[in-house]
Amino acid sequence: MATDYGTDIAAAEAFPERDEYVRGVRNVGYALARRLLTPRGGLADCGDETEYRSLDLRAYLGARLSAADVLKIEREAAACCNEDERVEGVKVALSFGQGELTATLEATAIDGETFRLILNVNAVTVELLEDE
């Protein structure tokens, strides 16, 4: 029997012009993307007081970061993603260049299915490059 990961709107950072829904591990992928694009405490700003660990990767755009800094951010991003009860484990690799960053997530869902999520983030947009 397949694991039910729920259904939600296909939105990483902003709601799409028309409703598109995702289910299965794609839904989990979008949820992980939102965790990496939501400032700490961001849900409290809209009245949701539920504990939600998140990290806004956009905060690091243009920052002067050492290799140790990048490793620390990767670990924090992975820890945020691993808070989602639908994942068994997530590894995050970041690369920076010319005003943008790319976050590559290698994830394993609780049913053992593996998937990759690639986010391309700049100061204006977030692009989901791969979500399967």
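How many helices and strands are there in the protein? I went through the predicted model and got 2 helices and 6 strands.

**Entry 1: layout.** I read the elements off along the sequence and wrote down β-β-α-α-β-β-β-β. Then I pulled the totals for the protein. Of its 132 residues, 39% count as buried. The accessible surface comes to about 7,900 Å², and carbon and sulfur atoms hold 47% of that. I also looked up contacts with a separation of 6 or more: residues 24 or more positions apart account for 34% of them.

**Entry 2: helix 1.** Helix 1 covers residues 24-35, so to speak my starting point. I checked its span from first C-alpha to last and got 17 Å for 12 residues, close to the 16 Å expected at 1.5 Å a residue. Is this helix mostly covered or mostly open? Mostly covered, with 9 of the 12 residues buried. My list of the buried ones has Val25, Asn27, Val28, Gly29, Tyr30, Ala31, Leu32, Ala33 and Arg35.

**Entry 3: aspartate 84.** I found this residue in the loop between helix 2 (67-81) and strand 3. Why does aspartate 84 count as buried? Because its relative accessibility is 4%, and the cut-off for buried is under 20%. Next I asked what aspartate 84 touches, skipping residues up to four places away in sequence. The hits were Ala31, Leu32 and Arg35, and those three are also on my list of buried residues in helix 1.

**Entry 4: the core.** I pulled up the largest nonpolar core, which has 28 residues. Leu32, Leu57, Val90, Leu94 and Leu105 have the most contacts inside it. Helix 1, helix 2, strand 3, strand 4 and strand 5 (114-122) each supply at least two residues of this core. Helix 2 gives the largest share, 6 residues. General reminder to self: in soluble globular proteins, nonpolar side chains tend to be buried together.

I then took valine 90 and left aside its neighbours within four places in sequence. Valine 90 is in contact with Leu32, Ala78, Cys81, Asn82, Leu105, Glu106 and Ala107.

**Entry 5: the hairpin.** Last stop was strand 3 (residues 87-97) and strand 4 (residues 100-109). They run antiparallel, and I noted 10 bridges joining them. Which residue of strand 4 does glycine 89 stand opposite? Threonine 108. The hairpin has 2 residues between the strands, and there glutamine 98 takes a positive phi near 45 degrees.

How values were computed: Residues numbered from 1 in each chain as written. Predicted model: local features only at pLDDT ≥ 70, side-chain atom pairs only at ≥ 80, totals over all residues. Heavy atoms only, no water. Pairing = 2+ DSSP bridges. Helix = DSSP H or I, 4+ residues; strand = E, 2+ residues; numbered from the N terminus. Expected span 1.5 Å × (residues − 1). Buried < 20%, exposed > 50% of the residue type's maximum accessible area, 1.4 Å probe, protein only. Contact = heavy atoms within 4.5 Å. Core = buried A, V, L, I, M, F, W, Y, C linked by side-chain atoms within 4.5 Å. Areas by Shrake-Rupley, 256 points an atom, 1.4 Å probe, with all protein chains shown as cover.
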